Amino acid sequence: ELLAMARAGGACLKRQSLKLVEARHPQLSPLVRRDVLRVVEKPEYYVQSESQRERKFWRGETDPVEPDYIYLVGTCHVGRESAADVKEVIEAVRPQAVVVELCKKRSNIMTTTAERGGGDGDGEGPSVAATSTSGSGENDAGENWFERTSRQVLEEMLTGMTSRIGRELNVLPGLEFKQAYLSAKAIQAEVVLGDRPIDITLRRCWSKMTWQERAKLLFVLLQALTRGDEVSAAVATQIDSLEKEFDLDLVFDQVLEEFPSLEEPLFRERDRYMAWAVKRSKAVTNTRSVVGVIGRGHLAPVLEEIHRDYDAQHLSFDSVARKPDTLSR
């Protein structure tokens, strides 16, 4: 029953997005039909609460105002089509800000090759804004040596696996983020780092997992490390042949079946963080339109959090960065 309600809600949001796109940017309609693009228009009834309007960071002469339109592009981080989708949306919408699913530590993925090849490589680049710093949440003080080392090894393993899959597909990992950077540069839009710092995410994942889950995860990653090329080739073949029908919800369900403790810190908390970044963060304040470039698996839940915030106004920096447990469902 809940699944049926979720699907009905998703179909309704798809129809709303299609109606908005056909009225404003009809050339983007195929992306909505492919479930790559969703659009949110700020409701006419929406009035930002005084507690949010009086945010401490704001020093402008006028009250801070949230974006009128939020365009969310769902991408496959090692897919070929996603970069083209991102380019098409940014060129059509010409937003004032482009929010990417990256944190400061991973932001160099946008420029490692973007500055060297293709696209508009001259002139000044766009402003890059971070929505938080490593000091915004938890720190390393609460970790012992084993926990800190395990987290660092986990991060290196995941990075290496993504890179190997990209090589198998002959696609640079994060190509859609490089394209987002170049396209933003071409129209002088601000690039916003819209994901929670990876150190905090991995630390929270590790702290939430049971010892059994930790042991299982390390075993799986060690297997991937010792048989990395074989595993990467198999995953790449699946993505390459099934990208259009690739069911990321099924993948997430399989992960959560093995590691149920990861649902909140790895998915839901980051969904809320990204929703806050594209809707309420300082970097998008007083912009008319924003484009968010996020993983396809985050598209539906981030969209849900944005719509929920128009009614509940539950997203704030404190709740998504400093005290994420306060929003757990």
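**Close-up 1. Histidine 298 sits buried in helix α12.** With a relative accessible area of 5%, histidine 298 counts as buried, because buried means under 20% relative accessible area (exposed is over 50%, partly exposed in between; 1.4 Å probe, protein chains only). This is a predicted model, in which local features need pLDDT of at least 70 and side-chain atom pairs count only at pLDDT 80 or more, while totals for chains, interfaces and linings use all residues. Residues are numbered from 1 along each chain as its sequence is written, and side-chain values use heavy atoms, with hydrogens and water left out. The home of histidine 298 is helix α12, residues 296-312; helices here are DSSP runs (H or I, at least four residues) numbered from the N terminus. Setting aside neighbours within four places in sequence, histidine 298 touches Glu101, Leu266, Phe267, Arg270, Asp271 and Met274, where contact means heavy atoms within 4.5 Å.

**Close-up 2. Helices α11 and α12 cross obliquely.** Helix α11 spans residues 263-279, and its axis comes within 8 Å of the α12 axis, crossing at roughly 60 degrees. Axes are lines fitted to C-alpha atoms, for helices over the stretch in contact, and angles run from 0 to 180 degrees between N-to-C directions. That makes the pair oblique, since angles under 35 degrees count as roughly parallel, over 145 as roughly antiparallel, 65 to 115 as roughly perpendicular and the rest as oblique. The crossing of α11 and α12 is right-handed, meaning the near helix is turned clockwise from the far one by less than a right angle. On the α11 side, the contact residues include Leu266, Phe267 and Met274, and on the α12 side they include His298, Pro301 and Tyr310. By class, this contact has nine nonpolar, one polar and seven charged residues. Ala, Val, Leu, Ile, Met, Phe, Trp, Tyr, Cys and Pro count as nonpolar, Asp, Glu, Lys and Arg as charged, and the others, Gly among them, as polar.

**Close-up 3. Helices α4 and α6 run roughly parallel.** Here α4 (residues 81-93) packs against α6 (residues 175-187) at an angle of about 20 degrees, with the axes 8 Å apart. The crossing of α4 and α6 is right-handed too. Ser82, Ala83, Val86, Lys87 and Ile90 of α4 meet a set in α6 that includes Leu175, Gln179 and Ile187. The α4 and α6 contact has seven nonpolar, three polar and two charged residues.

**Close-up 4. Two buried cysteines, 103 and 205.** Cysteine 103 has a relative accessible area of 3%, and cysteine 205 comes in at 4%. The disulfide count is zero, taking a disulfide as a pair of cysteine sulfur atoms within 2.5 Å.

Key:
Helix = DSSP H or I, 4+ residues; strand = E, 2+ residues; numbered from the N terminus.
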